[in-house]
Amino acid sequence: MVIQSSPISRYSSFLLLLLSLILNVIAGINIPTKINSKINLTNKYSNNENNNWEQRMKEGNLIFVKQEPTDKNFLPSISNGYLGTVIDSDSIYVGLIYVGKLTFIEKLIGFHSERARIPSTMNIDIFQSTNLQKNLQQKPLNLIGSALDLERAMYLRRYLLNNETLIEQRYYAHRQFRSLLIHEIIIDNLQNKEDVSFNLLRKESSPSKDISFHSVNCKLNNNAICMEGQLTRLETPDSLQVNVSLVTSNVPSSISVKSNTKQSFLFFTTIRSSIDSNNPLQDAEMDFKKASSLSSDDLYQSHIKLWNDIWQHGIEIEGNPQLALQINSTLYYLLSAIRTDYFAGVSPGGISTNAYQGLVFWDQEVFVLPSLAYLYPDFAKTLLEYRFERLEQALNHAKHYKYEGAMYPFQTGFSGREVDLIALFNELEQHITGDIGFALELYWNLTKDKKWLERVGFPIAYQIALFWKSRVVLSKDDGKYHIRKVVGPDEFGIGFPLYSGVNDEVFTNAVAQISLRFANKAARILGKPITTEFDTIADKLTILFDTQKQRHYEYDNFPRGNTYFLDYVKQADIVLLGYPLQLNMTKQVRLNDVIFEQSYIWPDGPAMTFSMNTIAWLDVGNYSNAYDAFKRSLLNIQSPFNIFTETPNPYKHHLDMGSFNFLTGSGGFIQSIVNGFGGLRVQDNSLIIEPKSFIGLGVNAMKLRGVCYQGAVFDISFDGTSINNPQQLVNVVMKTNVNGQSFELKDKFKTQSLSSNALQTCASPCKIALQ
């Protein structure tokens, strides 16, 4: 534990403001429950010294509640892309640390793994302590509010003692020091003429069944408790053992603060493993020692500085404060799950939960990555690095099934092997390999990062294309290539008889086609030999289309393969063709596809289905249906801390386990804003901007802050109150231009050169491109 004091002069004016707010809360003054629609970070660090919750609610930086939800699943998470936990949970999770489960027949059951649970050390309760006849008695403190600070990425609890002493608990996963979790207790006794004492109690978490922790001698004297252990079961039978070390502060039974002073009590937990350390215990101790050497303010400022840099990119809307808060919250949960120096991938429940065993699915490439790529390309790159580090395992997986190239398993952890409970089912969901090919091209089109293409993009793309070359079958009857016996994103289309798969599943074929073409595209850019067969297969690969009805259909003999699910469709596969895949089609075909799919879509389907339908309806100009679909997606956001769940009723699931903090749904939701209403679509050599009307959502204007394209950063804003207005103006400001390239802004009326920090306008639709 680290104790730090502060003099009266430094905090007196601040305390008066803060106590005024607290007393107003107690007096019952009505504090707004809705916030301003912007996170205003135009001036760097402008809000760092502002701890007025009422004001920060209005600024859109914080969610404040007077009473926490009784269901702990609705409490928020704190994480930093390396480790994380849910507030009051008894578990901490670290990315890439997985434990195996007992398995039987490999073909039927496969290797099953999940995140390894680490007992939480973050739950410390504080009680008022009074000395009555020399016996300490515990009295609960008066909780006046809790807050999720979105801007600073921390959870806060505030208590008031005798209207004089303010106590604040801070919980955060440090953004800079990735192995560090902090629980800080700040006691502001500046206005009290008497000393105060408090009892502390760390809630003991149940022991881990996944890691055999035991206490070891610490080199940090009595300041800390050191533990180390190994996985009780390996992730897969041939995985290497993982050693995990944890160092956490000793928590005293009581603390005291003198009158007219303010003190901070810091409690740390550092966790390291043999995945990223040759000596986990030594490094965990060093990380702990480093944290202990820094002041509360140093730790706080270094943490929020990095978050401030992240928030230079984001989404601002005017007119609907509640929606703005939902957007900001969703971005917070997504961004908390990823970092650029640790390639753990993103699971549906993020890094702070064990939802879906913490494994990485196709969700990462189709829903999470595109939601980040336009605003946070470095985070999108991190997700592709996860795949690159497991390319060898994908090559081995293909060999196992007697294919060429790289066949990525459907669910992976650290090992890169298929680790789901029933491998027989997952071996048919081969679209995952094409999904990665799609994500590679999306990242390339947005960044044109040639060094990345040489090192990461092309090696993966080439091996993926080789897989599809070996996977297709040439039919003598029609002279076309076919892909048979697969299951697409619509996991109800399992085939008939049971799990025989379907033929020419349209989404699978489409991502295969994208992957084949991108491999040769990358080869041409890098001056490498092309593989003619890739283009030939892509050109002749079957994309099922009804020429009379002018629409696609999901697979051959649809809906026969969905018989076991009463013909319901779980995922809208043909809707995904128009976006995010951007398969070339007319607006009429796009309309026909989305209309056809509506008659089959499962009403209790996952959250992202309705986000993708929102985009589809916007694409065809049906705003009424778009608004309805969008509002349906909002039912998955659970108050008070705006946690996404897979279904509106988080406890009602059919045929899956469901997820709190469902980042797959979060990604779909952000895409419906950026790429739906915001109208951003990247193409081979341009960034299209075609915003859609959002007046039906009560929104007056939107700003996409920090859009990244080919080394430049743009602020793009527009008024979205009119529908199909040919004079709809888009405002563009080029904020930075790292590579110094010349860009132009073009619409049907004019072409103009973009100048740094100059406001320029174009008529929608318009595009940004290199000159």
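Student: How many salt bridges does a search of the whole structure find?

Tutor: The structure is a predicted model. Salt bridges that share partners join Arg178, Arg272, Asp276, Asp283, Asp287, Arg339 and Asp341 into one network. For the whole structure, the number of salt bridges found is 36.

Student: How many residues apart are Lys203 and Asp125, which form a salt bridge?

Tutor: The closest N and O atoms of Lys203 and Asp125 are 3.4 Å apart. Lys203 is in the loop between β15 (196-202) and β16 (214-216), whereas Asp125 is in strand β9 (residues 124-132). The pair therefore links distant parts of the chain, with Lys203 at 42% relative accessibility. Their separation in sequence is 78 residues.

Student: Is Glu168, which meets Arg158 in a salt bridge, buried or exposed?

Tutor: The side chains of Glu168 and Arg158 meet at 2.5 Å, N to O. Glu168 lies in strand β13 (residues 165-173) and Arg158 in strand β12 (residues 154-161), so the salt bridge ties together parts that are ten residues apart in sequence. Arg158 has 1% relative accessibility and counts as buried. Because its relative accessible area is 8%, and buried means under 20%, Glu168 is likewise classed as buried.

Student: In the salt bridge of Glu389 and Arg390, which relative accessibility does Arg390 have?

Tutor: The side chains of Glu389 and Arg390 meet at 3.6 Å, N to O. Glu389 counts as partly exposed, at 45% relative accessibility. Arg390 counts as buried, and its relative accessibility is 4%.

Student: Which helix gives the most residues to the largest nonpolar core?

Tutor: The largest nonpolar core has 181 residues, and those with the most contacts inside it are Ile315, Phe714, Ile716 and Ile768. Twelve residues of this core come from one helix, the one that gives the most: α12 (residues 506-526).

Student: Which isoleucine is among the contacts of Phe714, leaving aside its neighbours within four places in sequence?

Tutor: With those neighbours left aside, the contacts of Phe714 include Leu704, Val707, Tyr709, Val732, Met734, Phe743 and Leu754. Polar or charged names also appear, among them Arg705 and Lys735. The isoleucine in contact with Phe714 is Ile768.

Student: What span does helix α17 reach from its first C-alpha to its last?

Tutor: Helix α17 (residues 623-634) has twelve residues. Its buried residues include Tyr623, Tyr627 and Phe630, and what covers the buried residues includes α5 (321-336), α16 (607-619) and α18 (663-677). At 1.5 Å a residue, the expected span is 16 Å, and the span reached is close to it, at 16 Å.

Key: Residues are numbered from 1 along each chain as its sequence is written. This is a predicted model: local features need pLDDT of at least 70, side-chain atom pairs count only at pLDDT 80 or more; totals for chains, interfaces and linings use all residues. Side-chain values use heavy atoms; hydrogens and water are left out. A nonpolar core is a set of buried Ala, Val, Leu, Ile, Met, Phe, Trp, Tyr and Cys residues joined through side-chain atoms within 4.5 Å. Buried means under 20% relative accessible area, exposed over 50%, partly exposed in between (1.4 Å probe, protein chains only). Helices (H or I, at least four residues) and strands (E, at least two) are DSSP runs, numbered from the N terminus. Contact means heavy atoms within 4.5 Å. The expected span of a helix is 1.5 Å times one less than its number of residues. A salt bridge is a side-chain nitrogen of Lys or Arg within 4 Å of a carboxyl oxygen of Asp or Glu.
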